[in-house]
Amino acid sequence: MKDFLRQNGILILVIALLLALITAVFSFTFNGIANPFANLAGVVATPFRNGLNAAVTWAEGVYSDTFEREQMAQELEWYKQRVAELEAEARAGEAASRENERLRDLLEFQQKHSELHTEPATVTARGSSNWSSTLTVSKGSAAGVEAGNCVIDQYGNLVGLVSEVGLNWSSLITVVDVDLELGGLIARTDGAAIVEGDFALMGEGRLKLTFLPEGTRLLAGDTILTSGLRSGGTATYPSGLVVGHVEEVRSDEGGMSDYAILAPATDLESLEQVFIIKEFDVVE
């Protein structure tokens with residue numbers, strides 16, 4: 001062994017110095033840096049860690065978006081319900097306002113015509129064909145309504161005549177129905193004439209004034225009133241109710257006589273409430 005050390009001592013010393021140098025260089029090179037094995041493990045694990053972090057971030061975003069959408073949907077539904085409630089309240093207010101206006105107008109009319117005793121009723125159905133123009137209303141015999149009763153709107157304009165009565169409903173023919181005929185009065189001249197329905201005019205929502213006094217010169221817009229005279233022995237109308245207004249004057253097919261086209265004073269299409277005249281003082 002001694003001979004070996006004497007013979008190879010210098011070589012062993014050189015090898016030891018080289019190992020020390022390599023160790024020093026290795027330590028200096030990787031100072032503060034992971035060693036190769038740790039570095040290899042980090043390289044392999046880093047993509048998995050990055051993927052996991054990305055998945056967690058995405059899931060958190062999805063949950064947050066879903067929660068916000070659900071919250072917005074709930075708020076939107078609440079607003080929709082609130083808008084519907086406000087619209088219903090507005091409609092109820094408008095209906096009440098219209099009702100008050102109708103009753104106020106009727107009160108003024110009744111104060112001027114204290115001889116009329118009326119029963120308010122709501123229009124529940126409309127019937128219109130080539131042969132008739134009718135309305136169904138919400139009052140009948142239980143309220144004292146009878147066939148032949150005259151019907152007006154809140155302004156005192158003539159609507160029609162009760163033709164059939166049930167317990168809690170009535171049917172009436174309107175002013176444009178061909179079966180309605182009554183005595184008319186030209187307000188401007190006090191001339192008497194006959195107001196009647198016409199098949200050709202009914203579809204246009206119009207009626208006519210016939211048997212005009214000789215020499216009568218009607219003007220567009222002339223007001224036609226009920227005269228209060230009996231017509232056909234079936235009904236008596238209160239006098240002074242507004243039937244309609246003159247639109248134009250025409251001649252019959254033979255050209256022998258003239259007649260006027262009347263537009264009803266009441267709006268039959270939008271009529272919601274009527275007043276049935278059950279009693280009145282007859283003026284002959």
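Here are some numbered notes on this predicted model, from the overall layout down to single residues.

1. **Ground rules.** Since this is a predicted model, local features need pLDDT of at least 70 and side-chain atom pairs count only at pLDDT 80 or more, while totals for chains, interfaces and linings use all residues. Residues are numbered from 1 along each chain as its sequence is written, and side-chain values use heavy atoms, with hydrogens and water left out.

2. **The overall inventory.** The chain has 3 helices and 12 strands. Both kinds of element are DSSP runs numbered from the N terminus: helices are H or I with at least four residues, strands are E with at least two. Of the 284 residues in the chain, 31% are buried. Here "buried" means under 20% relative accessible area, "exposed" means over 50%, and "partly exposed" is in between (1.4 Å probe, protein chains only). Now look at contacts between residues at least 6 apart in sequence: 57% of them join residues at least 24 apart. A contact means heavy atoms within 4.5 Å.

3. **One barrel.** Try tracing β1-β2-β5-β4-β3-β12: these 6 strands make a closed barrel with antiparallel pairing. Neighbouring strands of this sheet are turned by 45 degrees against each other on average, direction ignored. For such angles, axes are lines fitted to C-alpha atoms (for helices over the stretch in contact), and angles run from 0 to 180 degrees between N-to-C directions. As for pairing, two strands pair if DSSP finds at least two bridges between them.

4. **And another barrel.** A further 6 strands close up in the order β6-β7-β8-β11-β10-β9, again with antiparallel pairing. In this sheet the average turn between neighbouring strands is 40 degrees, direction ignored. For one piece of it, look at β7 (residues 191–196) and β8 (residues 207–210), which run antiparallel and are joined by 3 bridges. E196 has K208 in β8 as its bridge partner.

5. **K208 again.** K208 also lies over the face of Y259, 5.2 Å from the ring centre. To count as a charge over a ring, NZ of Lys or CZ of Arg must be within 6 Å of the ring centre and within 35 degrees of the ring normal.

6. **Following β1 around.** Strand β1 (residues 117–128) pairs antiparallel with β12 (residues 273–279) over 6 bridges. T122 stands opposite Q273 in β12. β1 is also joined to β2 by 5 bridges, running antiparallel, and V123 has V137 as its bridge partner in β2.

7. **Strand β5, covered on both faces.** All 5 of the 5 residues in β5 (residues 170–174) are buried. S170, L172 and T174 lie on one side, S171 and I173 on the other. β5 runs antiparallel to β2 (residues 133–137), with 4 bridges, and antiparallel to β4 (residues 158–165), with 5 bridges. S171 is a handy residue to click on: it is the bridge partner of T136, and E164 stands opposite it. A hairpin joins β4 to β5 through 4 residues.

8. **Buried or partly exposed: R126 and Q273?** R126, in strand β1, is partly exposed, because its relative accessible area is 43%. Its contacts, not counting residues up to four places away in sequence, are T134, L135, L268, E269, S270, L271 and E272. R126 and E269 are 143 residues apart along the chain, with their C-alpha atoms separated by 8.5 Å. Q273, in strand β12, counts as buried because its relative accessibility is 8%. Q273 and R98 are 175 residues apart in sequence and 10.0 Å apart in space, C-alpha to C-alpha.

9. **The nonpolar core.** The largest nonpolar core holds 41 residues, and L158, V159, V195, L209, L262 and V274 touch the most other members. Such a core is a set of buried Ala, Val, Leu, Ile, Met, Phe, Trp, Tyr and Cys residues joined through side-chain atoms within 4.5 Å. Leaving aside neighbours within four places in sequence, the contacts of V159 include L135, L172, I173, T266, L268 and V274.

10. **How many aromatic pairs?** The count comes to 1 aromatic pair: W78 and Y79, edge-to-face at 5.1 Å centre to centre, with 80 degrees between the planes. Rings of Phe, Tyr and Trp (its six-membered ring) pair if their centres lie within 6.5 Å; planes under 30 degrees apart count as stacked, over 60 as edge-to-face and the rest as tilted.
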